[in-house]
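Welcome! Please open your viewer and get ready to select a few things along the way.

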Amino acid sequence: MAVSSRNLLICFGIALIVASAQAQRPRVLQTTGKFVEFPLPKPNSGPTTVSIAPDGRVWFTESAGNRIGLMNPDGSGLKEFDLPHAGSSPRIIVLGADGNMWFSEHLGNRMGRITPAGVISEFDIPTPDSQPRATALGIDRSVYFGEFAGGKIGRVTMAGVVTEFQIPTPNSGPRALAAGSDGGIWFSEFNASKIGRLSPDGKIAEYDLPRPNSGPGDITEGADGAMWFVELAGRMDGRQPDGNRVGRIARDGKVTEYKIPSAMGSPINIAVGPDRNIWYTKAGRLGRVTPDGVVTEFEIPTGGGPTGLSAGSDRCPPDRLIDKLWYTAGNKLGYLEFR
(Lines give C-alpha, C1' and ligand atoms only; values in the text may rest on other atoms or scores of the structure.)
Protein backbone atom coordinates (compact mmCIF):
# COMPACT_ATOMS: atom_id res chain seq x y z
CA MET A 1 0.00 0.00 0.00
CA ALA A 2 1.46 3.34 -1.02
CA VAL A 3 1.67 6.01 1.65
CA SER A 4 1.35 9.68 0.64
CA SER A 5 3.88 12.32 1.61
CA ARG A 6 1.12 13.97 3.60
CA ASN A 7 0.57 10.85 5.68
CA LEU A 8 4.29 10.53 6.36
CA LEU A 9 4.36 14.09 7.60
CA ILE A 10 1.39 13.33 9.84
CA CYS A 11 3.20 10.26 11.17
CA PHE A 12 6.02 12.31 12.50
CA GLY A 13 4.29 15.59 13.26
CA ILE A 14 7.16 17.43 11.60
CA ALA A 15 6.96 21.19 11.88
CA LEU A 16 8.07 23.41 8.99
CA ILE A 17 10.93 24.77 11.04
CA VAL A 18 12.32 21.24 11.49
CA ALA A 19 12.03 20.50 7.78
CA SER A 20 13.84 23.74 7.01
CA ALA A 21 16.64 22.88 9.43
CA GLN A 22 17.03 19.45 7.83
CA ALA A 23 17.25 21.00 4.37
CA GLN A 24 20.29 22.98 5.52
CA ARG A 25 21.99 19.93 7.07
CA PRO A 26 24.15 17.55 5.00
CA ARG A 27 22.18 14.58 3.75
CA VAL A 28 24.66 12.06 5.12
CA LEU A 29 26.55 12.66 8.36
CA GLN A 30 29.48 10.75 9.83
CA THR A 31 30.25 10.17 13.48
CA THR A 32 33.10 12.11 15.02
CA GLY A 33 33.49 9.40 17.66
CA LYS A 34 32.85 11.96 20.39
CA PHE A 35 30.59 10.92 23.28
CA VAL A 36 28.88 13.38 25.62
CA GLU A 37 27.08 12.17 28.75
CA PHE A 38 24.81 13.73 31.38
CA PRO A 39 24.38 11.98 34.78
CA LEU A 40 20.91 12.15 36.33
CA PRO A 41 20.73 13.73 39.80
CA LYS A 42 18.47 11.13 41.40
CA PRO A 43 20.12 7.73 41.99
CA ASN A 44 18.70 4.56 40.49
CA SER A 45 16.41 6.40 38.07
CA GLY A 46 16.72 3.65 35.48
CA PRO A 47 16.52 5.72 32.28
CA THR A 48 15.20 3.32 29.67
CA THR A 49 14.25 4.86 26.34
CA VAL A 50 14.69 8.27 24.77
CA SER A 51 12.76 10.29 22.19
CA ILE A 52 13.55 13.57 20.43
CA ALA A 53 10.80 16.19 20.11
CA PRO A 54 10.64 18.43 17.01
CA ASP A 55 11.94 21.34 19.12
CA GLY A 56 15.09 19.31 19.85
CA ARG A 57 14.34 18.61 23.50
CA VAL A 58 15.05 15.12 24.80
CA TRP A 59 12.30 13.12 26.52
CA PHE A 60 13.03 9.87 28.34
CA THR A 61 11.43 7.28 30.59
CA GLU A 62 12.76 6.39 34.04
CA SER A 63 11.48 2.85 34.63
CA ALA A 64 12.95 2.45 38.12
CA GLY A 65 12.26 6.05 39.15
CA ASN A 66 8.66 5.90 37.84
CA ARG A 67 9.13 9.24 36.11
CA ILE A 68 9.22 10.91 32.72
CA GLY A 69 12.26 13.14 32.15
CA LEU A 70 12.91 16.09 29.87
CA MET A 71 16.01 18.13 29.12
CA ASN A 72 17.50 20.43 26.51
CA PRO A 73 19.94 18.96 23.96
CA ASP A 74 22.87 20.58 25.79
CA GLY A 75 21.89 18.84 29.04
CA SER A 76 20.40 21.93 30.68
CA GLY A 77 16.85 22.49 31.89
CA LEU A 78 16.32 19.01 33.33
CA LYS A 79 12.75 18.36 34.51
CA GLU A 80 11.34 15.15 35.93
CA PHE A 81 7.65 14.32 36.27
CA ASP A 82 6.39 11.64 38.68
CA LEU A 83 3.73 9.28 37.35
CA PRO A 84 0.38 9.29 39.18
CA HIS A 85 0.57 5.58 40.14
CA ALA A 86 3.51 3.96 41.93
CA GLY A 87 5.27 1.07 40.24
CA SER A 88 4.02 1.85 36.72
CA SER A 89 7.45 1.25 35.14
CA PRO A 90 7.28 3.54 32.07
CA ARG A 91 9.03 1.87 29.17
CA ILE A 92 8.89 3.29 25.61
CA ILE A 93 8.16 6.93 24.73
CA VAL A 94 7.32 8.42 21.31
CA LEU A 95 6.00 11.59 19.76
CA GLY A 96 2.25 11.60 19.14
CA ALA A 97 0.36 13.23 16.29
CA ASP A 98 -1.01 15.73 18.82
CA GLY A 99 2.45 17.09 19.66
CA ASN A 100 2.47 15.36 23.06
CA MET A 101 4.69 12.46 24.10
CA TRP A 102 3.06 9.04 24.59
CA PHE A 103 4.53 6.20 26.64
CA SER A 104 3.76 2.68 27.82
CA GLU A 105 3.42 1.75 31.49
CA HIS A 106 4.77 -1.77 31.48
CA LEU A 107 3.59 -2.77 34.96
CA GLY A 108 0.80 -0.21 35.26
CA ASN A 109 -1.14 -1.70 32.31
CA ARG A 110 -1.76 1.75 30.92
CA MET A 111 -0.76 4.04 28.12
CA GLY A 112 0.29 7.51 29.21
CA ARG A 113 0.43 10.94 27.59
CA ILE A 114 2.48 13.91 28.76
CA THR A 115 2.18 17.44 27.40
CA PRO A 116 5.19 19.74 26.85
CA ALA A 117 4.20 21.41 30.14
CA GLY A 118 4.35 18.08 32.01
CA VAL A 119 0.62 17.36 32.38
CA ILE A 120 0.08 13.58 32.46
CA SER A 121 -3.02 11.63 31.41
CA GLU A 122 -3.38 7.84 31.56
CA PHE A 123 -5.53 5.37 29.62
CA ASP A 124 -6.29 1.85 30.88
CA ILE A 125 -5.68 -1.16 28.64
CA PRO A 126 -8.69 -3.56 28.57
CA THR A 127 -6.62 -6.77 28.81
CA PRO A 128 -5.44 -7.24 32.44
CA ASP A 129 -1.68 -7.47 33.07
CA SER A 130 -0.93 -7.12 29.37
CA GLN A 131 2.59 -5.70 29.96
CA PRO A 132 2.66 -3.01 27.26
CA ARG A 133 6.14 -2.33 25.96
CA ALA A 134 6.93 -0.84 22.57
CA THR A 135 5.05 2.13 21.12
CA ALA A 136 4.97 3.70 17.65
CA LEU A 137 2.97 6.36 15.83
CA GLY A 138 0.94 5.01 12.91
CA ILE A 139 -0.13 6.81 9.74
CA ASP A 140 -3.70 6.98 11.10
CA ARG A 141 -2.45 9.37 13.84
CA SER A 142 -2.91 6.71 16.54
CA VAL A 143 -0.18 5.33 18.80
CA TYR A 144 0.25 1.56 18.60
CA PHE A 145 1.71 -0.60 21.35
CA GLY A 146 2.64 -4.23 21.89
CA GLU A 147 1.15 -6.24 24.76
CA PHE A 148 3.95 -8.64 25.64
CA ALA A 149 1.90 -10.80 28.02
CA GLY A 150 -1.44 -10.12 26.35
CA GLY A 151 -0.40 -11.40 22.92
CA LYS A 152 -2.04 -8.43 21.23
CA ILE A 153 -1.24 -5.23 19.40
CA GLY A 154 -3.04 -2.26 20.91
CA ARG A 155 -3.99 1.09 19.43
CA VAL A 156 -4.81 4.29 21.30
CA THR A 157 -6.22 7.32 19.51
CA MET A 158 -5.23 10.85 20.43
CA ALA A 159 -8.57 10.99 22.29
CA GLY A 160 -7.56 8.00 24.43
CA VAL A 161 -9.78 5.32 22.84
CA VAL A 162 -8.07 1.91 23.03
CA THR A 163 -8.58 -0.96 20.54
CA GLU A 164 -6.80 -4.33 20.60
CA PHE A 165 -5.85 -6.78 17.82
CA GLN A 166 -5.22 -10.44 18.71
CA ILE A 167 -2.06 -11.98 17.24
CA PRO A 168 -2.87 -15.38 15.63
CA THR A 169 0.07 -17.24 17.24
CA PRO A 170 -0.69 -17.91 20.93
CA ASN A 171 1.76 -16.57 23.53
CA SER A 172 3.77 -14.88 20.81
CA GLY A 173 5.25 -12.25 23.13
CA PRO A 174 5.15 -9.08 21.00
CA ARG A 175 8.21 -7.32 22.32
CA ALA A 176 8.62 -4.35 19.99
CA LEU A 177 6.90 -2.64 17.08
CA ALA A 178 7.46 0.10 14.53
CA ALA A 179 5.56 1.92 11.79
CA GLY A 180 6.58 1.16 8.23
CA SER A 181 6.30 3.47 5.24
CA ASP A 182 4.05 0.81 3.70
CA GLY A 183 1.36 1.83 6.21
CA GLY A 184 1.75 -1.28 8.34
CA ILE A 185 2.76 -1.73 11.95
CA TRP A 186 5.59 -4.28 12.08
CA PHE A 187 6.31 -6.15 15.30
CA SER A 188 8.61 -8.79 16.75
CA GLU A 189 7.26 -11.98 18.36
CA PHE A 190 9.91 -12.83 20.94
CA ASN A 191 8.44 -16.15 22.09
CA ALA A 192 7.51 -17.37 18.59
CA SER A 193 10.59 -16.26 16.61
CA LYS A 194 8.44 -14.44 14.09
CA ILE A 195 8.02 -10.97 12.65
CA GLY A 196 4.43 -9.79 12.26
CA ARG A 197 2.68 -7.02 10.36
CA LEU A 198 -0.62 -5.35 11.23
CA SER A 199 -2.18 -3.80 8.13
CA PRO A 200 -4.17 -0.55 8.23
CA ASP A 201 -7.40 -2.59 7.94
CA GLY A 202 -6.54 -4.68 11.01
CA LYS A 203 -5.26 -7.86 9.37
CA ILE A 204 -2.15 -9.58 10.74
CA ALA A 205 0.46 -11.47 8.72
CA GLU A 206 3.33 -13.40 10.32
CA TYR A 207 6.75 -14.42 8.98
CA ASP A 208 8.92 -17.17 10.48
CA LEU A 209 12.56 -16.37 11.17
CA PRO A 210 15.20 -18.83 9.90
CA ARG A 211 16.09 -20.12 13.37
CA PRO A 212 13.48 -21.28 15.91
CA ASN A 213 15.02 -19.55 18.95
CA SER A 214 16.06 -16.23 17.44
CA GLY A 215 14.49 -14.05 20.15
CA PRO A 216 13.55 -11.03 18.00
CA GLY A 217 13.37 -7.75 19.90
CA ASP A 218 13.42 -4.07 18.99
CA ILE A 219 12.52 -3.18 15.39
CA THR A 220 12.55 -0.13 13.13
CA GLU A 221 12.39 0.78 9.46
CA GLY A 222 15.77 1.36 7.86
CA ALA A 223 16.73 3.97 5.29
CA ASP A 224 16.42 1.22 2.67
CA GLY A 225 12.70 0.75 3.40
CA ALA A 226 13.16 -2.71 4.96
CA MET A 227 12.45 -3.44 8.62
CA TRP A 228 15.52 -4.05 10.79
CA PHE A 229 15.48 -5.75 14.20
CA VAL A 230 17.76 -7.12 16.89
CA GLU A 231 17.84 -10.74 18.02
CA LEU A 232 18.38 -11.02 21.76
CA ALA A 233 20.82 -13.29 23.59
CA GLY A 234 21.07 -14.57 27.15
CA ARG A 235 18.45 -15.38 29.75
CA MET A 236 15.45 -13.03 29.68
CA ASP A 237 11.68 -13.22 30.03
CA GLY A 238 11.82 -16.92 30.85
CA ARG A 239 13.71 -17.86 27.68
CA GLN A 240 17.30 -18.34 26.53
CA PRO A 241 17.28 -16.93 22.98
CA ASP A 242 20.13 -17.75 20.63
CA GLY A 243 20.29 -14.41 18.87
CA ASN A 244 23.13 -11.88 19.09
CA ARG A 245 22.31 -10.80 15.56
CA VAL A 246 20.76 -7.94 13.66
CA GLY A 247 18.07 -9.02 11.24
CA ARG A 248 16.51 -7.46 8.15
CA ILE A 249 13.14 -8.39 6.72
CA ALA A 250 12.07 -7.20 3.29
CA ARG A 251 8.47 -6.42 2.40
CA ASP A 252 8.09 -9.87 0.85
CA GLY A 253 9.15 -11.54 4.12
CA LYS A 254 12.70 -12.47 3.07
CA VAL A 255 14.98 -12.41 6.13
CA THR A 256 18.72 -11.71 6.28
CA GLU A 257 20.75 -11.97 9.51
CA TYR A 258 24.05 -10.38 10.50
CA LYS A 259 26.11 -11.84 13.34
CA ILE A 260 27.26 -9.34 15.99
CA PRO A 261 31.02 -9.79 16.63
CA SER A 262 31.04 -9.18 20.40
CA ALA A 263 30.03 -12.25 22.37
CA MET A 264 29.12 -10.71 25.72
CA GLY A 265 25.70 -9.20 26.42
CA SER A 266 22.63 -8.81 24.26
CA PRO A 267 21.62 -6.18 21.73
CA ILE A 268 18.68 -4.24 23.16
CA ASN A 269 17.42 -1.30 21.09
CA ILE A 270 17.76 -0.39 17.43
CA ALA A 271 17.49 2.89 15.54
CA VAL A 272 18.54 4.64 12.35
CA GLY A 273 21.46 6.94 13.11
CA PRO A 274 22.20 10.41 11.71
CA ASP A 275 24.36 8.67 9.08
CA ARG A 276 21.28 6.64 8.01
CA ASN A 277 22.93 3.38 9.03
CA ILE A 278 21.36 0.99 11.53
CA TRP A 279 22.60 1.33 15.13
CA TYR A 280 22.00 -0.80 18.22
CA THR A 281 22.77 -0.73 21.94
CA LYS A 282 24.62 -3.56 23.66
CA ALA A 283 26.58 -4.03 26.92
CA GLY A 284 28.89 -1.02 27.10
CA ARG A 285 28.78 -0.16 23.42
CA LEU A 286 26.87 1.15 20.43
CA GLY A 287 26.94 -0.90 17.25
CA ARG A 288 26.60 0.19 13.63
CA VAL A 289 25.41 -1.95 10.74
CA THR A 290 25.87 -0.73 7.17
CA PRO A 291 23.44 -1.69 4.38
CA ASP A 292 25.81 -4.47 3.26
CA GLY A 293 25.96 -5.92 6.77
CA VAL A 294 29.33 -4.66 8.01
CA VAL A 295 29.17 -4.35 11.82
CA THR A 296 31.33 -1.92 13.81
CA GLU A 297 31.08 -1.33 17.57
CA PHE A 298 31.97 1.76 19.63
CA GLU A 299 32.58 1.56 23.37
CA ILE A 300 30.80 4.23 25.40
CA PRO A 301 33.04 6.15 27.84
CA THR A 302 31.82 4.83 31.17
CA GLY A 303 30.67 1.38 30.14
CA GLY A 304 27.34 0.29 31.54
CA GLY A 305 24.45 -1.28 29.70
CA PRO A 306 22.98 1.17 27.19
CA THR A 307 19.34 0.50 26.41
CA GLY A 308 17.34 3.19 24.61
CA LEU A 309 18.52 4.74 21.34
CA SER A 310 17.18 7.53 19.11
CA ALA A 311 18.28 10.07 16.51
CA GLY A 312 14.77 11.42 16.13
CA SER A 313 12.70 9.05 14.02
CA ASP A 314 11.45 7.04 17.01
CA ARG A 315 10.13 3.87 15.37
CA CYS A 316 8.80 5.65 12.32
CA PRO A 317 10.49 5.73 8.90
CA PRO A 318 13.68 7.80 9.19
CA ASP A 319 12.50 11.11 7.78
CA ARG A 320 13.43 13.14 10.87
CA LEU A 321 17.02 12.72 11.99
CA ILE A 322 19.19 15.08 14.03
CA ASP A 323 23.00 15.24 14.34
CA LYS A 324 23.19 13.27 17.59
CA LEU A 325 22.50 9.63 18.42
CA TRP A 326 21.07 9.70 21.95
CA TYR A 327 21.15 6.72 24.31
CA THR A 328 20.37 5.81 27.91
CA ALA A 329 22.92 3.94 30.03
CA GLY A 330 23.29 3.34 33.75
CA ASN A 331 21.96 6.45 35.48
CA LYS A 332 22.72 8.84 32.65
CA LEU A 333 21.83 9.99 29.17
CA GLY A 334 24.39 10.52 26.45
CA TYR A 335 24.88 11.02 22.76
CA LEU A 336 27.34 10.14 20.02
CA GLU A 337 28.11 13.17 17.89
CA PHE A 338 27.79 13.32 14.10
CA ARG A 339 28.86 16.00 11.60
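How far apart are the mean positions of the 36 positive and 35 negative charges of the protein? The two mean positions are 2 Å apart. Keep in mind on this tour that you are looking at a predicted model.

**Stop 1: the whole chain**

Start with everything selected and a cartoon view. You will find two helices and 28 strands in the protein. Turn the model along its principal axes: the C-alpha atoms fill a box of roughly 45 × 45 × 40 Å. The radius of gyration is 18 Å, which agrees with the value near 20 Å that a compact globule of 339 residues would have.

Now switch on a surface. About 12,700 Å² is exposed, and carbon and sulfur atoms supply 52% of that area. Of the 339 residues, 62% count as buried. As for contacts in the protein with a separation of 6 or more, 47% of them are accounted for by residues 24 or more positions apart.

**Stop 2: the largest nonpolar core**

Hide the surface and select Val-143, Leu-177 and Ile-219. Within the largest nonpolar core, which has 34 residues, these three touch the most other members. Next, colour the strands that each supply at least two residues of this core, among them S10 (132-137), S11 (143-147), S14 (174-179) and S19 (227-233). Which strand gives the most to this core? That is S14, with four residues.

Zoom in on Ile-219 and show what surrounds it. Leaving aside neighbours within four places in sequence, Ile-219 is in contact with residues including Leu-177, Trp-186, Phe-187, Ile-195, Trp-228 and Ile-270. Arg-315 is also one of the contacts of Ile-219.

A second, separate core has 31 residues. To find it, select Val-246, Ile-260, Leu-325 and Tyr-327, which are included in it.

**Stop 3: a buried proline**

Go to Pro-241, in the loop between S19 and strand S20 (242-249). Is Pro-241 buried or exposed? Pro-241 has a relative accessible area of 5%, so it counts as buried. Show its surroundings: not counting residues up to four places away in sequence, Pro-241 touches Phe-190, Asn-213, Ser-214, Gly-215, Leu-232, Ala-233, Gly-234 and Met-236. Then draw a distance from Pro-241 to Glu-231, ten residues away along the chain; their C-alpha atoms are separated by 8.0 Å.

**Stop 4: an arginine in a loop**

Select Arg-276, which lies in the loop between strand S22 (267-272) and strand S23 (278-282). Its relative accessibility is 34%, so Arg-276 counts as partly exposed. Add Pro-291 to the selection: the two residues are 15 apart in sequence, and their C-alpha atoms are 9.3 Å apart in space.

**Stop 5: two aspartates with positive phi**

Finish with a pair of backbone details. Asp-129 sits in the loop between strand S9 (120-124) and S10. Its phi is near 50°, a positive value in a residue other than glycine. Asp-314, in the loop between strand S26 (309-310) and strand S27 (324-329), has a positive phi of about 50° although it is not a glycine.

What is the relative accessibility of Asp-129? It is 64%, so Asp-129 counts as exposed. Asp-314, by contrast, counts as buried because its relative accessibility is 8%. Show both in the viewer with the surface on, and look at the exposed Asp-129 before turning to the buried Asp-314.

Note on methods. Residues numbered from 1 in each chain as written. Predicted model: local features only at pLDDT ≥ 70, side-chain atom pairs only at ≥ 80, totals over all residues. Heavy atoms only, no water. Core = buried A, V, L, I, M, F, W, Y, C linked by side-chain atoms within 4.5 Å. Buried < 20%, exposed > 50% of the residue type's maximum accessible area, 1.4 Å probe, protein only. Contact = heavy atoms within 4.5 Å. Rg over C-alpha atoms; globule rule 2.2 N^0.38 Å. Areas by Shrake-Rupley, 256 points an atom, 1.4 Å probe, with all protein chains shown as cover. Lys, Arg positive; Asp, Glu negative; His and termini not counted. Charge placed at Lys NZ, Arg CZ, Asp CG, Glu CD.
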